[in-house]
Amino acid sequence: MATFIVLLGPPGVGKGTQAKRLAKQTGLAHVSSGDLFRKHIKDKTDLGVLAKSYISKGELVPDDLTIAMVKERITCPDCETGAILDGFPRTPVQAEATTAMLGELGEELTLVPYIIAPEKVLIERLSGRWTCRASGHIFHTKFNPPAKEGICDVDGSELYQRDDDKPETVKKRIQVYLKQTSPLVEHYREEGLLIEVRGDQEIEEVTKDLLDALKK
Ligand code: AP5
Ligand code: MG
């Protein structure tokens, strides 16, 4: 049986940061729907052009497009032993599709860590975030600064600020999260898969809590 984990939580809570750390420590693949869309945008694919029109407004990309993109990704060989899903599923329809696509692989979800932090923490984190152009490594001017300003520690590529980290778009993303994604918390709680993790701790502490939850 493979291990499939969904990292649930609002924008800026640290899903990407933790997914990368967990992937490194567990050997599981990191599947980020946001990173996949940003790659399409960078490559100017049809999906990228369409996705950009939603992402720049802080809205969700339609379910059918998102589901098809993630389904293709999780059938890649590196997901055979499992994956950490970051930013997907994000709607009840996507949650249903997740069960179905894992079912087709003879798999099911292992755990859904729900990372929580107050809204003011989310806003502070997103306003100081810098992301690496090549592979999406994540930094923060105050909480996780790169050794050299503007340069990724991991691969030396340029760091940039995401377009959707503008204050008005961040507010919209949080609203969209509360309306469209937060119902998944109760859904996964009822399924017995949810575990709450405090996101307003040091990065290393959050990773430790996540690894402890996985061991159980
Ligand atoms: P996506 O890229 O998934 O963005 P998001 O969910 O809004 O989440 P973020 O990436 O902003 O935050 P995060 O939780 O990953 O935090 P991070 O680790 O970076 O989606 C973007 C857009 O794509 C969506 O708005 C939507 O349009 C579209 N999309 C994506 N998936 C979709 C789907 N399934 N369906 C439809 N549309 C979809 O951390 C944030 C900052 O905080 C960083 O600077 C980091 O260094 C810092 N930090 C992290 N942890 C800590 C800590 N413990 N202490 C201090 N600082 C910390
Ligand atoms: Mg992210």
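What follows is a conversation between a colleague and a modeller about this predicted model.

Colleague: Before we start, what are the ground rules?

Modeller: It's a predicted model, where local features need pLDDT of at least 70 and side-chain atom pairs count only at pLDDT 80 or more, while totals for chains, interfaces and linings use all residues. Residues are numbered from 1 along each chain as its sequence is written, chains are lettered from A and ligands numbered from 1 in the order in which they are written, and side-chain values use heavy atoms, with hydrogens and water left out.

Colleague: OK, ligand 1. Which of the residues around ligand 1 come nearest?

Modeller: Thr-17, Glu-59, Arg-90, Arg-129 and Arg-173, out of 36 residues around ligand 1. To be counted as near, a residue needs one of its heavy atoms within 4 Å of the molecule or strand in question.

Colleague: What makes the pair between Arg-129 and ligand 1 a polar contact?

Modeller: A polar contact is a pair of N or O atoms within 3.5 Å (within protein, one must be able to donate a hydrogen and the other to accept it, and residues adjacent in sequence count only if both atoms are side-chain atoms). An N or O atom in the Arg-129 side chain sits 2.6 Å from an oxygen atom of ligand 1, so the pair passes. The side chain of Ser-33 also has an N or O atom 2.8 Å from a nitrogen atom of ligand 1. With Gly-87 a backbone N or O atom takes part, 2.9 Å from a nitrogen atom of the ligand. As for cover, ligand 1 taken alone exposes 1,000 Å², and the protein buries 97% of that (areas by the Shrake-Rupley method with a 1.4 Å probe; for residues, only the protein chains shown count as cover).

Colleague: Which elements give two or more residues to that shell?

Modeller: α1 (15-26), α2 (33-42), α6 (119-127) and β6 (138-140), and α2 gives the most, with four residues. Helices here are DSSP runs of H or I, at least four residues, and strands are runs of E, at least two, numbered from the N terminus.

Colleague: Now helix α4. How do you know that its length is what a helix should give?

Modeller: The expected span is 1.5 Å times one less than the number of residues. α4 (residues 63-74) has twelve residues and reaches 16 Å from first C-alpha to last, close to the 16 Å expected.

Colleague: And what puts the buried residues of α4 on one face?

Modeller: Those are Thr-66, Ile-67, Met-69, Val-70, Arg-73 and Ile-74. Seen down the axis of α4, they fall within an arc of 165 degrees (taken from the directions from the helix axis to the C-beta atoms), so they line one face. The face turned away from that buried side carries exposed Asp-64 and Glu-72.

Colleague: What about α5: how does its span compare with what its 13 residues should give?

Modeller: The 13 residues should span 18 Å and the end C-alpha atoms are 19 Å apart, which agrees. Its buried residues are Gln-94, Ala-95, Ala-97, Thr-98, Met-101 and Leu-102. They cover an arc of only 160 degrees around the axis, which puts them on the same side of α5. Glu-96 and Glu-104 are exposed on the other side.

Colleague: Why is Ser-32 called buried?

Modeller: Buried means under 20% relative accessible area, exposed over 50%, and partly exposed in between (1.4 Å probe, protein chains only). Ser-32 has 7% relative accessibility, so it counts as buried. Ser-32 belongs to strand β2 (residues 29-32), and a polar atom of its side chain lies 2.9 Å from the backbone nitrogen of Asp-35.

Colleague: Then why is Glu-205 only partly exposed?

Modeller: At 38% relative accessibility, Glu-205 lands between the two cut-offs, so partly exposed is the right label. Glu-205 is in helix α9 (residues 203-215).

Colleague: Buried or exposed: what is Lys-44?

Modeller: Exposed, because its relative accessible area is 69%. Lys-44 sits in the loop between α2 and α3 (46-55). Its phi is near 55 degrees, a positive value in a residue other than glycine. Most residues other than glycine have a negative phi, and most peptide bonds are trans.

Colleague: Speaking of peptide bonds, which residues does a cis one join?

Modeller: Phe-88 and Pro-89, with omega about -5 degrees. Pro-89 is in the loop between β3 (82-86) and α5 (92-104).
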